[in-house]
Amino acid sequence: MKRDKVKKGEEHLKEVKEKSGEAGKKAMIAVYPGTFDPITSGHMDIIERASGLFDELIVAVSTHPEKNAWFTLQERVEMVRQSCQHLKNVSVQSFQGLLVQFVREKGARVIIKGLRAVSDFDYEFQMAAMNRKLAPEIETIFLMTSLPYAYLSSSIVKEVASLRGCLRGLVPDLVAQRLIEKVNEGRR
Ligand code: COA
């Protein structure tokens, strides 16, 4: 079953290569994973920059957020999808289980992660090391978050929303709208 999925990933990689008209060249597919509860301008910064570096970027939304999520999986996927509409080589999918298994199934070789501050380093180092142990052929590549977003996180954005602060620039406009709706529904 898992082998079938990996084979499917390899076929997908071949398809992307052919589409890019560079069948002789190795097409590079990268996966950018996260919880995205919700997607922020910091995530968008990483997505836009990574989409310029790879033939295809798959934004992978985790089905199992460890934290108490504001948004359902479907809502999180939909917000990411709408926010990335302008990026033609970006697709959005949900995943469960091991990240490296999903990456293999997609025929990808790279995991993209954003690094905001030194405080991210220990955790990211541990995850990258474990992913490398599980799948040595997959590389984790870190992009430094652009400075204006270095202080952003999904939790801090939700806190601003629940205290009815201004969300401009912190999240895509459509996400700001959804956050305000959640707060107005009194569910948060
Ligand atoms: N801009 C703004 N915020 C950012 C950001 C950026 N560039 N990059 C990360 N963040 C924030 C997120 O908003 C989130 O904030 P929050 O804690 O306030 O919600 C926080 O950083 C953590 O991001 P998250 O999306 O939860 O990612 P993660 O680093 O915790 O990893 C998975 C989540 C899904 C990638 C990880 O749990 C995973 O790989 N799961 C699969 C299971 C697996 O394979 N486990 C073995 C791996 S070792």
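In the predicted model, strand β1, helix α2 and strand β2 form a β-α-β unit of right-handed sense. Strand β1 spans residues 29-34 and helix α2 spans residues 41-51, while β2 comprises residues 56-62. The two strands of this unit run parallel and are joined by six bridges. Within this pairing, G34 is placed opposite V61 of β2. Strand β1 also pairs with β4, residues 110-115, again in the parallel sense, here over two bridges. In this second pairing A30 faces V110 of β4. Five of the six residues of β1 are buried, and the strand is therefore largely enclosed by the rest of the structure.

Strand β4 is paired in turn with β5, which covers residues 139-144; the two are parallel and connected by six bridges. L115 lies opposite M144 of β5 in this pairing. Between these strands the chain passes through α5, and the resulting β-α-β crossover is right-handed. Helix α5 extends over residues 118-134 and contains A129. With 11 other C-beta atoms within 10 Å, a count that falls in the range of 12 or fewer, A129 is classed as exposed. Its C-alpha atom is separated by 12 Å from that of I111, the two residues being 18 positions apart along the chain.

The ligand is surrounded by 23 residues, of which G34, G42, G114, S154 and S155 come nearest. By residue class, the shell around the ligand consists of eight nonpolar, twelve polar and three charged residues. At least two residues of this shell are supplied by each of β1, α2, α5 and α6. The elements of the right-handed unit described above, β1, α2 and β2, thus include two of these contributors, β1 and α2.

Helix α6, residues 154-162, has S154, V157, K158 and A161 as buried residues. These cover an arc of only 100 degrees around the axis, which places them on the same side of α6. S155, I156 and E159 are exposed on the other side of this helix. S154 and S155, both among the residues that come nearest to the ligand, accordingly differ in burial: S154 is buried, whereas S155 is exposed. The cover over the buried residues of α6 includes α7. Just after α6, R164 adopts a positive phi of about 60 degrees.

In helix α3, which runs over residues 73-83, the buried residues are R76, V77, M79, V80 and S83. Viewed down the axis of α3, they fall within an arc of 165 degrees and so line one face of the helix. The elements covering these buried residues include α2 and β2, together with β3 (residues 90-95) and α7 (residues 173-184). Helix α7 is thus included in the cover of buried residues in α3 as well as in that of α6.

Note on methods: Residues are numbered from 1 along each chain as its sequence is written. This is a predicted model: local features need pLDDT of at least 70, side-chain atom pairs count only at pLDDT 80 or more; totals for chains, interfaces and linings use all residues. A residue is near a molecule or strand if its C-beta atom, placed from the backbone, lies within 6 Å of it. Helices (H or I, at least four residues) and strands (E, at least two) are DSSP runs, numbered from the N terminus. Ala, Val, Leu, Ile, Met, Phe, Trp, Tyr, Cys and Pro count as nonpolar, Asp, Glu, Lys and Arg as charged, and the others, Gly among them, as polar. A residue is buried if 20 or more other C-beta atoms lie within 10 Å of its own, exposed if 12 or fewer, and partly exposed in between; C-beta atoms are placed from the backbone. Two strands pair if DSSP finds at least two bridges between them. A crossover is right-handed if, with the strands pointing away from the viewer, the path from the first strand over the helix to the second runs clockwise. The arc is that of the directions from the helix axis to the C-beta atoms. Two residues are in contact if their C-beta atoms, placed from the backbone, lie within 7 Å.
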